[in-house]
Amino acid sequence: MEKFSQSRRKFITTLTMLLASGGLLVRYLTPRRAVKRQVLASAARADVPINGALVFRNERLALLRDAHGFYALSLVCTHLGCTVTVTEDVLSCPCHGSRFDRQGRVLSGPADRSLARMDVEVLGERIEVVG
Ligand code: FES
């Protein structure tokens, strides 16, 4: 009887270990799902003239266009997080006066880091800013 009990206990332990390691193996070998693409803002190509910008105030980003194409910048100031204002020549922060060029590079502080660039996808006549 004792031998039967030990044998059964060993069988259950082995089975549990096999199931656990099998589950880990399946999880390890299963490819991760791609991160879901999220459209943060979109616009028609014609809505953004060359050297122009389209501001998405709620999303705190701007879709800009220059001679090379479209790009998007976060309007979150890299100093303390105020929303940067877009003008014809520069992007400026109303809180402490940081100024950025149209590529988002710092022209004057106190901010010491460029504005974050965001991914842009051109889909025919539609431009999407994706995150
Ligand atoms: S938050 Fe923009 S300069 Fe301070």
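Reader: How far apart do the C-alpha centres of domain 1 and domain 2 lie?

Author: The C-alpha centres of these two domains lie 55 Å apart. This is a predicted model, in which local features need pLDDT of at least 70, side-chain atom pairs count only at pLDDT 80 or more, and totals for chains, interfaces and linings use all residues. Residues are numbered from 1 along each chain as its sequence is written.

Reader: What makes 1-32 and 39-130 domains?

Author: Domain bounds come from an automatic or database domain assignment. That assignment gives domain 1 as 1-32 and domain 2 as 39-130.

Reader: Why is the set with Leu61, Ala62, Leu63, Ala72, Leu73 and Val84 called a nonpolar core?

Author: A nonpolar core is a set of buried Ala, Val, Leu, Ile, Met, Phe, Trp, Tyr and Cys residues joined through C-beta atoms within 7 Å. Buried means that 20 or more other C-beta atoms lie within 10 Å of a residue's own (exposed: 12 or fewer; partly exposed: in between), with C-beta atoms placed from the backbone. The largest such core has 18 residues, and the six named have the most contacts inside it. Its largest share, four residues, comes from β3.

Reader: What makes β5-β6-β7-β8 a sheet, and which strands are at its edges?

Author: Strands are DSSP runs (E, at least two residues; helices are H or I, at least four), numbered from the N terminus. Two strands pair if DSSP finds at least two bridges between them. Strand β7 (residues 99-100) and β8 have two bridges, so they count as an antiparallel pair. Four strands form this open, antiparallel sheet. The edge strands, β5 (85-86) and β8 (106-108), each pair on one side only.
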